[in-house]
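Hi,

Here is the structure I promised to pass on. Have a look at it first, and then read on for what turned up when I went through it.

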Amino acid sequence: MPNFKTNVNPSFKSLALSAVMCSLLFVATASAGALDQFTSFVSSTKAAKGEFTQHQIKQVDGKDKASAPSSGTFVFARPGKFIWTYVKPYDQLLQADGEQLFIYDKDLNQVTVRKLGNALGSSPAAILFGSNDLAKNFTLVEAGTRDGLEWLQATPKAKDTTFEKISIGLRNGLPEAMELRDSFGQLSVLRFKNFEKNPALGPKHFTFVMPKGADIFNN
């Protein structure tokens, strides 16, 4: 700890000490394993927003072939409230208000409405948007370091889930990537950027406004 002289302005001294402690905390977070980073992220993040890119990788003639990437924005508030917006290559909106899930296809002006219920359970969405009790639905283990990220593997405990395993790559206490491998061997890769924790969100932020003239389907 720096040896501050007694004639240093007290407020400056307090700020300097705070800066040192923040630096130490940042270093500790950056060097922590994936499980520790993810546990800290889940416990300290009630809401977040950012941007994403997504593409699929599948085997074609024994070789990996990547699809054209899609991209968009997201915002969520636990538990079960989120707005996941695809901007490219097409406009599509997935929005949940904690009770219902709305899927809006802008080109078709069509909205599909589903009960959210326990749908998040063992789905990839539960990693970011669900409750803090992830250990109830997933087995979490460290998966090493790759591409400069600390990786965590989440295996669903339920047998009827579409996904076999989900990998989360973290850096400095934030998720930067997710890899979702389904039961057909297809891999979906997501990358996150401009991740902002606990932004200010209004009480009606996740209220879905039905588009004028939209066809509505209830499932």
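Let me start with a detail: Asn-172 counts as partly exposed, because its relative accessibility is 33%. You'll find Asn-172 in the loop that links strand 10 (163-171) to strand 11 (174-182). What caught my eye there is the backbone: the phi of Asn-172 is positive, near 55 degrees, in a residue other than glycine.

Asn-194 has a positive phi as well, near 50 degrees, and is again a residue other than glycine. Asn-194 sits in strand 12, which covers residues 187-197. With a relative accessible area of 55%, Asn-194 is exposed, the cut-off for that being over 50%.

Then there are the cis peptide bonds. One joins Arg-78 and Pro-79, with an omega of about -10 degrees. Pro-79 belongs to the loop between strand 3 (70-77) and strand 4 (81-88). Another cis bond runs from Lys-88 to Pro-89, and its omega is near 0 degrees. Pro-89 is in the loop that leads from strand 4 to strand 5 (92-97).

Why bother listing these? Most residues other than glycine have a negative phi, and most peptide bonds are trans.

Now, how far to trust it. This is a predicted model, and its pLDDT averages 80 over the protein, with 81% of the residues scoring at least 70. Which element has the lowest confidence, and which the highest? Helix 1 (residues 10-31) is at the bottom with a mean of 33, while strand 13 (residues 215-218) is at the top with 94. Over residues 1-31 the pLDDT stays under 50, and for that stretch the model has 14 contacts beyond four places in sequence. Where pLDDT is low, the predicted coordinates should not be read in detail.

As for the overall picture, the protein has 3 helices and 13 strands. Of its 219 residues, 35% are buried. Among contacts with a separation of 6 or more, 46% are between residues 24 or more positions apart. The exposed surface comes to about 13000 Å², and carbon and sulfur atoms supply 54% of that.

If you open just a few spots, I'd pick the two cis bonds, at Arg-78 to Pro-79 and Lys-88 to Pro-89, and then the positive phi values at Asn-172 and Asn-194.

Cheers

How values were computed. Residues numbered from 1 in each chain as written. Predicted model: local features only at pLDDT ≥ 70, side-chain atom pairs only at ≥ 80, totals over all residues. Heavy atoms only, no water. Helix = DSSP H or I, 4+ residues; strand = E, 2+ residues; numbered from the N terminus. Buried < 20%, exposed > 50% of the residue type's maximum accessible area, 1.4 Å probe, protein only. Contact = heavy atoms within 4.5 Å. Areas by Shrake-Rupley, 256 points an atom, 1.4 Å probe, with all protein chains shown as cover. pLDDT = per-residue confidence, 0-100.
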